[in-house]
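Here are some short exercises on one structure. Try each task before you read its solution.

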Amino acid sequence: MVSKVASQKKIKGQVFLPGTVHWLVVSVAINLGLLLKLIHDGHLRMEWSGPNGMPGKENGATLSSLSSYPAEPKQANDGQIQQKLINLDHGDPTMYQSYWKQMGDRTTVVISGWQSVSYFSDTKNLCWFLEPGFANAVTRLHNLVGNAETENQHIVVGTGSTQLFQAVLYALCPSDAPEPMSIVSAAPFYSSYPLITECLKSGLYKWRGDANDFDKDEPYIELVTSPNNPDGSIREAVFNGSGGIVVHDLAYYWPQYTPISSRADYDIMLFTLSKSTGHAGMRLGWALVKDETIAKKMVKFIEISSIGVSKDSQVRAAKILDVISDTYEDAETSNESKPFFDYGYEEMKKRWGQLREAVNKGQSFSLPNLPVGKCNFSNQTFGTQPAFAWVKCEQAVDDCESFLKKHKILTRGGAHFGSSKKYARVSLIGHEDDYNEFIRRFSQINYVESL
Ligand SMILES: Cc1ncc(COP(=O)(O)O)c(C=O)c1O
(Lines give C-alpha, C1' and ligand atoms only; values in the text may rest on other atoms or scores of the structure.)
Protein backbone atom coordinates (compact mmCIF):
# COMPACT_ATOMS: atom_id res chain seq x y z
CA MET A 1 0.00 0.00 0.00
CA VAL A 2 1.35 3.38 -0.99
CA SER A 3 1.37 5.57 1.99
CA LYS A 4 -0.42 8.97 1.87
CA VAL A 5 2.82 10.74 2.64
CA ALA A 6 4.68 9.06 -0.26
CA SER A 7 2.03 10.15 -2.81
CA GLN A 8 2.39 13.82 -1.84
CA LYS A 9 4.68 16.02 -3.97
CA LYS A 10 6.87 18.69 -2.47
CA ILE A 11 7.27 22.00 -4.25
CA LYS A 12 9.59 24.55 -2.60
CA GLY A 13 8.98 23.10 0.82
CA GLN A 14 5.19 23.09 0.44
CA VAL A 15 3.21 19.89 0.29
CA PHE A 16 0.64 19.48 -2.53
CA LEU A 17 -1.73 16.61 -3.08
CA PRO A 18 -1.92 15.24 -6.71
CA GLY A 19 -5.50 16.56 -7.11
CA THR A 20 -4.37 20.01 -5.99
CA VAL A 21 -1.64 20.10 -8.66
CA HIS A 22 -4.22 19.29 -11.32
CA TRP A 23 -6.55 22.08 -10.21
CA LEU A 24 -3.68 24.52 -9.93
CA VAL A 25 -2.72 23.91 -13.59
CA VAL A 26 -6.33 24.25 -14.74
CA SER A 27 -6.82 27.45 -12.71
CA VAL A 28 -3.64 29.05 -14.07
CA ALA A 29 -4.70 28.19 -17.63
CA ILE A 30 -8.19 29.67 -17.13
CA ASN A 31 -6.82 32.89 -15.59
CA LEU A 32 -4.22 33.27 -18.31
CA GLY A 33 -6.92 32.86 -20.95
CA LEU A 34 -9.11 35.48 -19.27
CA LEU A 35 -6.16 37.89 -18.99
CA LEU A 36 -5.34 37.52 -22.69
CA LYS A 37 -8.99 38.11 -23.61
CA LEU A 38 -9.16 41.28 -21.48
CA ILE A 39 -5.98 42.62 -23.09
CA HIS A 40 -7.27 41.71 -26.53
CA ASP A 41 -10.63 43.41 -25.91
CA GLY A 42 -8.81 46.49 -24.68
CA HIS A 43 -10.34 46.46 -21.18
CA LEU A 44 -6.94 46.52 -19.54
CA ARG A 45 -5.61 49.50 -21.44
CA MET A 46 -5.22 52.51 -19.22
CA GLU A 47 -7.05 55.31 -20.98
CA TRP A 48 -6.67 58.91 -19.85
CA SER A 49 -10.30 59.69 -19.95
CA GLY A 50 -12.49 60.13 -16.93
CA PRO A 51 -16.27 59.77 -17.00
CA ASN A 52 -16.64 63.13 -18.71
CA GLY A 53 -13.84 62.60 -21.10
CA MET A 54 -10.83 63.88 -19.22
CA PRO A 55 -9.20 63.96 -15.86
CA GLY A 56 -8.51 67.45 -14.66
CA LYS A 57 -10.91 68.40 -17.41
CA GLU A 58 -11.92 71.99 -17.12
CA ASN A 59 -15.49 70.81 -16.50
CA GLY A 60 -14.53 69.10 -13.29
CA ALA A 61 -14.24 65.40 -14.20
CA THR A 62 -12.13 63.31 -11.85
CA LEU A 63 -9.07 61.25 -12.63
CA SER A 64 -8.44 57.79 -11.35
CA SER A 65 -5.48 56.65 -13.42
CA LEU A 66 -3.51 59.74 -14.35
CA SER A 67 -0.21 58.24 -13.25
CA SER A 68 -0.75 55.21 -15.48
CA TYR A 69 -1.15 57.26 -18.64
CA PRO A 70 1.84 56.61 -20.86
CA ALA A 71 3.99 59.62 -21.68
CA GLU A 72 3.81 58.63 -25.33
CA PRO A 73 1.06 56.85 -27.25
CA LYS A 74 1.50 53.12 -27.54
CA GLN A 75 2.63 51.77 -30.88
CA ALA A 76 -0.10 49.80 -32.54
CA ASN A 77 -0.79 48.35 -35.94
CA ASP A 78 -3.17 50.09 -38.33
CA GLY A 79 -6.19 48.07 -37.25
CA GLN A 80 -5.73 49.00 -33.60
CA ILE A 81 -5.12 52.70 -34.31
CA GLN A 82 -8.46 52.91 -36.08
CA GLN A 83 -10.21 51.70 -32.93
CA LYS A 84 -8.31 54.03 -30.67
CA LEU A 85 -10.07 56.87 -28.90
CA ILE A 86 -8.34 60.14 -29.80
CA ASN A 87 -8.64 62.49 -26.86
CA LEU A 88 -8.44 66.10 -28.04
CA ASP A 89 -10.82 67.34 -25.37
CA HIS A 90 -8.26 68.79 -23.01
CA GLY A 91 -5.38 71.15 -23.72
CA ASP A 92 -2.60 68.89 -22.50
CA PRO A 93 0.52 70.41 -24.09
CA THR A 94 2.38 67.14 -24.77
CA MET A 95 3.37 68.45 -28.21
CA TYR A 96 6.29 70.20 -26.51
CA GLN A 97 7.77 67.04 -25.06
CA SER A 98 9.79 66.21 -28.18
CA TYR A 99 11.44 69.65 -28.12
CA TRP A 100 12.48 69.29 -24.50
CA LYS A 101 13.71 65.75 -25.11
CA GLN A 102 16.06 66.89 -27.83
CA MET A 103 17.41 69.57 -25.49
CA GLY A 104 18.77 66.68 -23.43
CA ASP A 105 20.46 67.64 -20.18
CA ARG A 106 20.53 71.32 -20.88
CA THR A 107 17.41 71.81 -18.77
CA THR A 108 18.29 69.29 -16.08
CA VAL A 109 18.23 70.65 -12.55
CA VAL A 110 19.56 68.84 -9.50
CA ILE A 111 17.76 69.66 -6.27
CA SER A 112 19.43 68.33 -3.12
CA GLY A 113 17.62 67.09 -0.06
CA TRP A 114 18.63 70.09 2.01
CA GLN A 115 17.04 72.54 -0.42
CA SER A 116 13.45 73.89 -0.30
CA VAL A 117 13.21 73.31 3.43
CA SER A 118 11.87 76.72 4.40
CA TYR A 119 8.46 78.05 3.38
CA PHE A 120 10.10 81.37 2.56
CA SER A 121 11.88 82.39 -0.65
CA ASP A 122 12.43 86.13 -0.39
CA THR A 123 11.12 87.84 2.74
CA LYS A 124 11.92 91.29 1.32
CA ASN A 125 9.61 90.75 -1.62
CA LEU A 126 5.92 91.57 -1.44
CA CYS A 127 5.44 88.03 -2.79
CA TRP A 128 7.53 86.27 -0.10
CA PHE A 129 7.24 82.81 -1.72
CA LEU A 130 8.56 84.02 -5.11
CA GLU A 131 11.99 82.52 -5.93
CA PRO A 132 14.28 85.36 -7.10
CA GLY A 133 15.67 83.17 -9.91
CA PHE A 134 12.18 82.51 -11.24
CA ALA A 135 11.27 86.22 -11.05
CA ASN A 136 14.43 87.10 -13.01
CA ALA A 137 13.77 84.43 -15.64
CA VAL A 138 10.17 85.66 -16.12
CA THR A 139 11.30 89.27 -16.54
CA ARG A 140 14.11 88.26 -18.91
CA LEU A 141 11.77 86.24 -21.13
CA HIS A 142 9.08 88.96 -21.31
CA ASN A 143 11.75 91.48 -22.24
CA LEU A 144 13.10 89.17 -24.93
CA VAL A 145 9.70 88.36 -26.47
CA GLY A 146 8.26 91.83 -25.95
CA ASN A 147 4.80 90.50 -25.05
CA ALA A 148 4.39 92.19 -21.66
CA GLU A 149 5.63 95.21 -19.79
CA THR A 150 7.41 94.19 -16.59
CA GLU A 151 8.48 97.63 -15.34
CA ASN A 152 6.35 98.84 -12.44
CA GLN A 153 4.59 95.47 -12.15
CA HIS A 154 4.57 93.14 -9.16
CA ILE A 155 5.12 89.47 -9.98
CA VAL A 156 2.89 87.09 -8.05
CA VAL A 157 3.59 83.38 -8.59
CA GLY A 158 0.79 80.84 -8.31
CA THR A 159 0.13 77.12 -8.52
CA GLY A 160 -0.89 77.46 -12.13
CA SER A 161 -2.78 80.36 -13.57
CA THR A 162 -5.81 78.58 -12.10
CA GLN A 163 -4.81 79.53 -8.55
CA LEU A 164 -3.96 83.07 -9.63
CA PHE A 165 -7.43 83.47 -11.12
CA GLN A 166 -8.94 82.59 -7.73
CA ALA A 167 -6.49 84.93 -6.01
CA VAL A 168 -7.58 87.73 -8.34
CA LEU A 169 -11.25 87.16 -7.51
CA TYR A 170 -10.43 87.21 -3.78
CA ALA A 171 -8.35 90.37 -4.16
CA LEU A 172 -10.86 92.33 -6.25
CA CYS A 173 -14.12 91.54 -4.48
CA PRO A 174 -14.76 93.57 -1.31
CA SER A 175 -15.73 91.39 1.64
CA ASP A 176 -18.29 93.93 2.88
CA ALA A 177 -20.21 94.45 -0.39
CA PRO A 178 -24.00 94.02 -0.10
CA GLU A 179 -24.07 91.69 -3.14
CA PRO A 180 -21.55 89.29 -4.67
CA MET A 181 -19.49 90.89 -7.48
CA SER A 182 -20.55 89.88 -11.01
CA ILE A 183 -17.96 87.95 -13.03
CA VAL A 184 -18.40 87.97 -16.82
CA SER A 185 -16.54 87.04 -19.99
CA ALA A 186 -17.58 87.28 -23.64
CA ALA A 187 -18.80 83.94 -25.04
CA PRO A 188 -17.27 81.70 -26.14
CA PHE A 189 -15.26 81.92 -22.89
CA TYR A 190 -12.71 79.57 -21.28
CA SER A 191 -14.80 76.73 -19.83
CA SER A 192 -13.05 76.79 -16.44
CA TYR A 193 -14.11 80.35 -15.57
CA PRO A 194 -17.69 79.49 -14.56
CA LEU A 195 -16.58 76.27 -12.84
CA ILE A 196 -13.92 77.95 -10.70
CA THR A 197 -16.14 80.93 -9.93
CA GLU A 198 -19.08 78.82 -8.80
CA CYS A 199 -17.12 75.99 -7.18
CA LEU A 200 -17.31 77.19 -3.56
CA LYS A 201 -20.60 79.12 -3.87
CA SER A 202 -18.74 82.16 -2.62
CA GLY A 203 -20.52 85.15 -1.15
CA LEU A 204 -17.85 87.41 -2.68
CA TYR A 205 -18.58 86.84 -6.36
CA LYS A 206 -21.05 85.28 -8.78
CA TRP A 207 -20.69 84.01 -12.32
CA ARG A 208 -22.99 86.04 -14.66
CA GLY A 209 -21.99 84.50 -17.98
CA ASP A 210 -21.61 86.23 -21.33
CA ALA A 211 -20.25 89.78 -21.01
CA ASN A 212 -22.23 90.70 -24.15
CA ASP A 213 -25.49 90.12 -22.23
CA PHE A 214 -24.41 91.98 -19.08
CA ASP A 215 -26.04 95.37 -18.66
CA LYS A 216 -26.24 95.91 -14.92
CA ASP A 217 -25.14 99.20 -13.43
CA GLU A 218 -23.04 97.64 -10.69
CA PRO A 219 -19.38 96.66 -10.10
CA TYR A 220 -18.19 93.70 -12.14
CA ILE A 221 -15.06 91.89 -13.30
CA GLU A 222 -14.62 91.10 -16.98
CA LEU A 223 -12.22 88.33 -17.95
CA VAL A 224 -10.54 88.91 -21.29
CA THR A 225 -8.57 86.00 -22.77
CA SER A 226 -6.45 86.93 -25.76
CA PRO A 227 -5.83 84.99 -27.93
CA ASN A 228 -9.06 83.47 -26.74
CA ASN A 229 -9.62 79.92 -25.59
CA PRO A 230 -11.56 78.33 -27.36
CA ASP A 231 -11.79 80.30 -30.64
CA GLY A 232 -8.36 82.01 -30.92
CA SER A 233 -9.83 85.49 -31.40
CA ILE A 234 -7.84 88.57 -30.37
CA ARG A 235 -9.89 90.37 -27.75
CA GLU A 236 -10.50 93.55 -25.82
CA ALA A 237 -13.06 94.11 -23.08
CA VAL A 238 -16.60 94.24 -24.48
CA PHE A 239 -18.45 95.91 -21.60
CA ASN A 240 -17.55 99.45 -20.69
CA GLY A 241 -19.75 99.97 -17.66
CA SER A 242 -18.69 102.05 -14.70
CA GLY A 243 -17.11 100.19 -11.80
CA GLY A 244 -15.73 97.47 -14.05
CA ILE A 245 -12.33 95.83 -13.58
CA VAL A 246 -10.71 93.94 -16.45
CA VAL A 247 -8.47 90.92 -15.90
CA HIS A 248 -6.35 89.90 -18.90
CA ASP A 249 -5.63 86.21 -19.23
CA LEU A 250 -2.66 86.11 -21.63
CA ALA A 251 -1.94 82.38 -21.42
CA TYR A 252 -1.61 82.22 -25.23
CA TYR A 253 0.06 85.56 -25.95
CA TRP A 254 3.28 83.93 -27.10
CA PRO A 255 4.86 83.97 -30.57
CA GLN A 256 4.19 80.32 -31.44
CA TYR A 257 0.44 81.09 -31.36
CA THR A 258 0.01 84.68 -32.44
CA PRO A 259 1.95 87.69 -33.75
CA ILE A 260 3.29 89.75 -30.85
CA SER A 261 1.97 93.14 -31.91
CA SER A 262 2.73 95.14 -28.77
CA ARG A 263 3.95 94.92 -25.21
CA ALA A 264 0.82 94.26 -23.12
CA ASP A 265 0.62 96.71 -20.26
CA TYR A 266 -2.63 96.03 -18.41
CA ASP A 267 -3.40 96.33 -14.70
CA ILE A 268 -3.68 92.59 -14.12
CA MET A 269 -2.16 90.04 -16.55
CA LEU A 270 -2.08 86.28 -16.06
CA PHE A 271 0.48 83.94 -17.64
CA THR A 272 1.12 80.24 -17.32
CA LEU A 273 3.98 77.85 -17.93
CA SER A 274 1.43 75.30 -19.19
CA LYS A 275 0.88 76.97 -22.56
CA SER A 276 4.08 78.96 -22.94
CA THR A 277 6.73 76.24 -22.48
CA GLY A 278 4.34 73.26 -22.26
CA HIS A 279 5.21 72.39 -18.64
CA ALA A 280 1.65 72.02 -17.39
CA GLY A 281 2.78 69.43 -14.85
CA MET A 282 4.97 71.94 -13.01
CA ARG A 283 1.75 73.76 -12.09
CA LEU A 284 3.15 77.27 -12.27
CA GLY A 285 1.72 80.54 -13.39
CA TRP A 286 2.53 84.16 -12.73
CA ALA A 287 0.57 87.38 -12.57
CA LEU A 288 1.87 90.85 -13.43
CA VAL A 289 -0.03 93.27 -11.22
CA LYS A 290 0.33 97.06 -11.18
CA ASP A 291 -1.48 97.89 -7.98
CA GLU A 292 0.41 97.01 -4.80
CA THR A 293 -2.71 96.55 -2.67
CA ILE A 294 -4.22 94.11 -5.17
CA ALA A 295 -0.93 92.20 -5.44
CA LYS A 296 -0.72 91.97 -1.63
CA LYS A 297 -4.27 90.59 -1.41
CA MET A 298 -3.48 88.00 -4.06
CA VAL A 299 -0.42 86.97 -2.04
CA LYS A 300 -2.66 86.73 1.03
CA PHE A 301 -5.02 84.38 -0.79
CA ILE A 302 -2.15 82.10 -1.83
CA GLU A 303 -0.79 82.23 1.70
CA ILE A 304 -4.16 81.13 3.08
CA SER A 305 -4.92 78.50 0.44
CA SER A 306 -1.50 76.84 0.00
CA ILE A 307 1.11 78.73 2.11
CA GLY A 308 3.06 79.63 -1.00
CA VAL A 309 4.00 77.83 -4.20
CA SER A 310 6.40 74.93 -4.79
CA LYS A 311 10.00 76.15 -4.70
CA ASP A 312 11.17 73.07 -6.62
CA SER A 313 8.85 73.93 -9.48
CA GLN A 314 10.05 77.52 -9.52
CA VAL A 315 13.69 76.43 -9.65
CA ARG A 316 12.95 74.04 -12.52
CA ALA A 317 10.86 76.64 -14.33
CA ALA A 318 13.61 79.27 -13.97
CA LYS A 319 15.99 76.89 -15.71
CA ILE A 320 13.53 76.20 -18.54
CA LEU A 321 12.81 79.89 -19.10
CA ASP A 322 16.50 80.80 -19.00
CA VAL A 323 17.36 78.07 -21.52
CA ILE A 324 14.69 79.51 -23.86
CA SER A 325 16.22 82.96 -23.52
CA ASP A 326 19.69 81.47 -24.02
CA THR A 327 18.63 79.89 -27.34
CA TYR A 328 18.09 83.46 -28.59
CA GLU A 329 20.71 85.43 -26.69
CA ASP A 330 23.62 83.08 -26.12
CA ALA A 331 25.60 82.48 -29.31
CA GLU A 332 26.90 79.06 -28.24
CA THR A 333 23.49 77.69 -27.25
CA SER A 334 21.73 79.15 -30.26
CA ASN A 335 24.17 77.45 -32.63
CA GLU A 336 23.51 74.08 -31.06
CA SER A 337 19.74 73.99 -30.99
CA LYS A 338 16.61 75.37 -32.60
CA PRO A 339 15.21 78.23 -30.55
CA PHE A 340 12.08 77.27 -28.62
CA PHE A 341 9.54 79.65 -30.14
CA ASP A 342 10.78 78.87 -33.66
CA TYR A 343 10.06 75.20 -32.96
CA GLY A 344 6.61 75.99 -31.51
CA TYR A 345 5.74 78.29 -34.39
CA GLU A 346 6.75 75.72 -37.05
CA GLU A 347 4.84 72.94 -35.29
CA MET A 348 1.65 75.01 -34.93
CA LYS A 349 1.93 76.15 -38.55
CA LYS A 350 2.23 72.55 -39.72
CA ARG A 351 -0.73 71.38 -37.62
CA TRP A 352 -2.96 74.25 -38.74
CA GLY A 353 -1.99 73.53 -42.37
CA GLN A 354 -3.02 69.90 -41.93
CA LEU A 355 -6.31 70.91 -40.31
CA ARG A 356 -7.24 73.44 -42.99
CA GLU A 357 -6.48 70.89 -45.69
CA ALA A 358 -8.74 68.35 -43.93
CA VAL A 359 -11.55 70.94 -43.60
CA ASN A 360 -11.25 71.77 -47.31
CA LYS A 361 -11.90 68.12 -48.23
CA GLY A 362 -15.67 68.63 -47.90
CA GLN A 363 -18.48 70.82 -46.58
CA SER A 364 -19.06 69.19 -43.18
CA PHE A 365 -16.88 71.49 -41.07
CA SER A 366 -15.72 75.09 -40.95
CA LEU A 367 -13.18 77.12 -38.99
CA PRO A 368 -13.24 80.78 -37.92
CA ASN A 369 -11.20 83.34 -39.82
CA LEU A 370 -8.26 84.38 -37.67
CA PRO A 371 -6.45 87.72 -37.81
CA VAL A 372 -3.13 88.16 -39.63
CA GLY A 373 -0.49 90.52 -38.26
CA LYS A 374 3.17 91.38 -38.08
CA CYS A 375 5.08 89.82 -35.21
CA ASN A 376 7.56 92.21 -33.60
CA PHE A 377 9.41 89.27 -32.10
CA SER A 378 10.00 87.15 -35.22
CA ASN A 379 9.56 89.90 -37.81
CA GLN A 380 7.21 87.60 -39.72
CA THR A 381 3.66 88.31 -40.80
CA PHE A 382 1.32 85.43 -40.04
CA GLY A 383 -2.19 84.51 -38.99
CA THR A 384 -2.98 83.50 -35.40
CA GLN A 385 -2.49 79.73 -35.04
CA PRO A 386 -4.14 78.98 -31.70
CA ALA A 387 -3.64 76.02 -29.41
CA PHE A 388 -7.27 75.03 -30.08
CA ALA A 389 -9.44 74.86 -33.17
CA TRP A 390 -13.03 76.03 -32.80
CA VAL A 391 -14.66 73.65 -35.24
CA LYS A 392 -18.21 74.22 -36.48
CA CYS A 393 -20.21 71.23 -37.67
CA GLU A 394 -22.10 72.40 -40.74
CA GLN A 395 -25.21 70.90 -42.38
CA ALA A 396 -27.63 68.91 -40.23
CA VAL A 397 -25.33 68.17 -37.29
CA ASP A 398 -26.60 69.96 -34.17
CA ASP A 399 -24.20 68.48 -31.64
CA CYS A 400 -20.64 68.55 -32.94
CA GLU A 401 -19.06 66.95 -29.86
CA SER A 402 -21.42 63.92 -30.01
CA PHE A 403 -20.99 63.64 -33.76
CA LEU A 404 -17.19 63.46 -33.47
CA LYS A 405 -17.44 61.14 -30.48
CA LYS A 406 -19.19 58.57 -32.69
CA HIS A 407 -15.96 58.55 -34.66
CA LYS A 408 -13.97 58.11 -31.46
CA ILE A 409 -12.69 61.68 -31.45
CA LEU A 410 -13.15 63.35 -28.06
CA THR A 411 -13.55 67.13 -28.15
CA ARG A 412 -15.27 69.68 -25.92
CA GLY A 413 -18.68 70.88 -27.07
CA GLY A 414 -19.66 74.52 -27.46
CA ALA A 415 -22.06 74.53 -24.48
CA HIS A 416 -19.10 74.33 -22.06
CA PHE A 417 -17.95 77.69 -23.43
CA GLY A 418 -21.35 79.39 -23.22
CA SER A 419 -21.89 78.82 -26.92
CA SER A 420 -23.79 76.61 -29.39
CA LYS A 421 -23.45 72.84 -29.54
CA LYS A 422 -22.79 73.19 -33.24
CA TYR A 423 -19.20 73.99 -32.19
CA ALA A 424 -16.55 71.80 -30.64
CA ARG A 425 -13.09 72.71 -29.40
CA VAL A 426 -10.25 70.54 -30.61
CA SER A 427 -6.77 70.61 -29.04
CA LEU A 428 -3.86 71.02 -31.43
CA ILE A 429 -1.11 70.69 -28.84
CA GLY A 430 -1.21 66.98 -28.02
CA HIS A 431 1.08 64.14 -29.11
CA GLU A 432 1.96 64.09 -32.80
CA ASP A 433 0.75 60.51 -33.39
CA ASP A 434 -2.68 61.30 -31.96
CA TYR A 435 -2.91 64.48 -33.98
CA ASN A 436 -1.96 62.76 -37.24
CA GLU A 437 -4.55 60.05 -36.62
CA PHE A 438 -7.15 62.73 -35.86
CA ILE A 439 -6.36 64.48 -39.17
CA ARG A 440 -6.64 61.20 -41.09
CA ARG A 441 -10.00 60.36 -39.52
CA PHE A 442 -11.32 63.93 -39.74
CA SER A 443 -10.49 64.19 -43.49
CA GLN A 444 -12.19 60.87 -44.11
CA ILE A 445 -15.36 61.88 -42.20
CA ASN A 446 -15.47 65.20 -44.03
CA TYR A 447 -15.04 63.59 -47.43
CA VAL A 448 -17.59 60.78 -46.84
CA GLU A 449 -20.22 63.04 -45.19
CA SER A 450 -19.99 65.53 -48.05
CA LEU A 451 -20.62 62.98 -50.84
C1 LIG B 1 -7.07 80.75 -20.92
C2 LIG B 1 -6.47 79.85 -19.89
N3 LIG B 1 -6.18 80.33 -18.69
C4 LIG B 1 -5.67 79.55 -17.73
C5 LIG B 1 -5.42 78.21 -17.96
C6 LIG B 1 -4.92 77.36 -16.84
O7 LIG B 1 -3.57 77.34 -16.74
P8 LIG B 1 -2.78 76.56 -15.61
O9 LIG B 1 -2.44 75.21 -16.16
O10 LIG B 1 -1.57 77.39 -15.36
O11 LIG B 1 -3.65 76.46 -14.40
C12 LIG B 1 -5.70 77.67 -19.20
C13 LIG B 1 -5.47 76.24 -19.44
O14 LIG B 1 -6.00 75.64 -20.35
C15 LIG B 1 -6.26 78.50 -20.19
O16 LIG B 1 -6.59 78.03 -21.39
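Buried means under 20% relative accessible area, exposed means over 50%, and partly exposed lies in between (1.4 Å probe, protein chains only). This is a predicted model: local features need pLDDT of at least 70, side-chain atom pairs count only at pLDDT 80 or more, and totals for chains, interfaces and linings use all residues. Residues are numbered from 1 along each chain as its sequence is written, and side-chain values use heavy atoms, with hydrogens and water left out.

**Exercise 1. Positive phi**

Task: Place Ile-307 and Arg-283 in their loops, and class each by accessibility.

Solution:
- Start with the elements: helices (H or I, at least four residues) and strands (E, at least two) are DSSP runs, numbered from the N terminus.
- Ile-307 sits in the loop between α9 (292–306) and α10 (311–329). Its phi is positive, near 45°, and the residue is not a glycine.
- Ile-307 has 41% relative accessibility, so it counts as partly exposed.
- Arg-283 belongs to the loop between α8 (273–276) and β10 (285–289). Its phi is also positive, about 55°, in a residue that is not a glycine.
- Arg-283 is partly exposed because its relative accessibility is 35%.

**Exercise 2. Two helices**

Task: Check the span of α5 and of α6, then find their buried residues.

Solution:
- The expected span is 1.5 Å times one less than the number of residues.
- Helix α5 (residues 132–145) has 14 residues, so it should span 20 Å; its end C-alpha atoms are 20 Å apart, which agrees.
- The buried residues in α5 are Phe-134, Ala-135, Ala-137, Val-138, Leu-141, His-142 and Val-145.
- They cover an arc of only 165° around the axis, so they lie on the same side of α5. The arc is taken from the directions from the helix axis to the C-beta atoms.
- Helix α6 (residues 160–172) has 13 residues and should span 18 Å; its end C-alpha atoms are 19 Å apart, which agrees.
- Ten of the 13 residues of α6 are buried, so the helix is mostly covered. Among them are Phe-165, Val-168 and Leu-172.

**Exercise 3. After α5**

Task: Is Gly-146 buried or exposed?

Solution:
- Gly-146 lies in the loop between α5 and β4 (154–158).
- Gly-146 has a relative accessible area of 15%, so it is buried.
- Gly-146 and Asn-376 are 230 residues apart in sequence, yet 7.7 Å apart in space, C-alpha to C-alpha.

**Exercise 4. Cis peptide bonds**

Task: Locate the cis bonds that lead to Pro-188 and Pro-230.

Solution:
- Ala-187 and Pro-188 are joined by a cis peptide bond with omega about 0°. Pro-188 is in the loop between β5 (181–185) and α7 (192–199).
- Asn-229 and Pro-230 are also joined by a cis peptide bond, with omega about 25°. Pro-230 is in the loop between β7 (220–225) and β8 (244–249).

**Exercise 5. The cavity**

Task: Describe the largest cavity and say where it lies.

Solution:
- On a 1 Å grid over the protein atoms alone, a cavity is a set of points where a 1.4 Å probe fits but cannot get out; lining residues have an atom within 4 Å of a point.
- The whole structure holds one cavity of 30 Å³ or more. The largest cavity has about 40 Å³ of space.
- Its lining includes Asn-229, Tyr-252, Tyr-257 and Phe-388.
- The lining has six nonpolar residues, three polar and no charged.
- Domain 2 (77–99 + 339–449) and domain 3 (118–329) both give residues to the lining, so the largest cavity lies between them. The domain bounds come from an automatic or database domain assignment.

Technical notes:
On a 1 Å grid over the protein atoms alone, a cavity is a set of points where a 1.4 Å probe fits but cannot get out, and a pocket is an open set with protein on both sides within 12 Å along at least five of seven lines; lining residues have an atom within 4 Å of a point. Grid points are joined across faces, edges and corners, and a volume is the space filled by probe spheres set on the points. Ala, Val, Leu, Ile, Met, Phe, Trp, Tyr, Cys and Pro count as nonpolar, Asp, Glu, Lys and Arg as charged, and the others, Gly among them, as polar.
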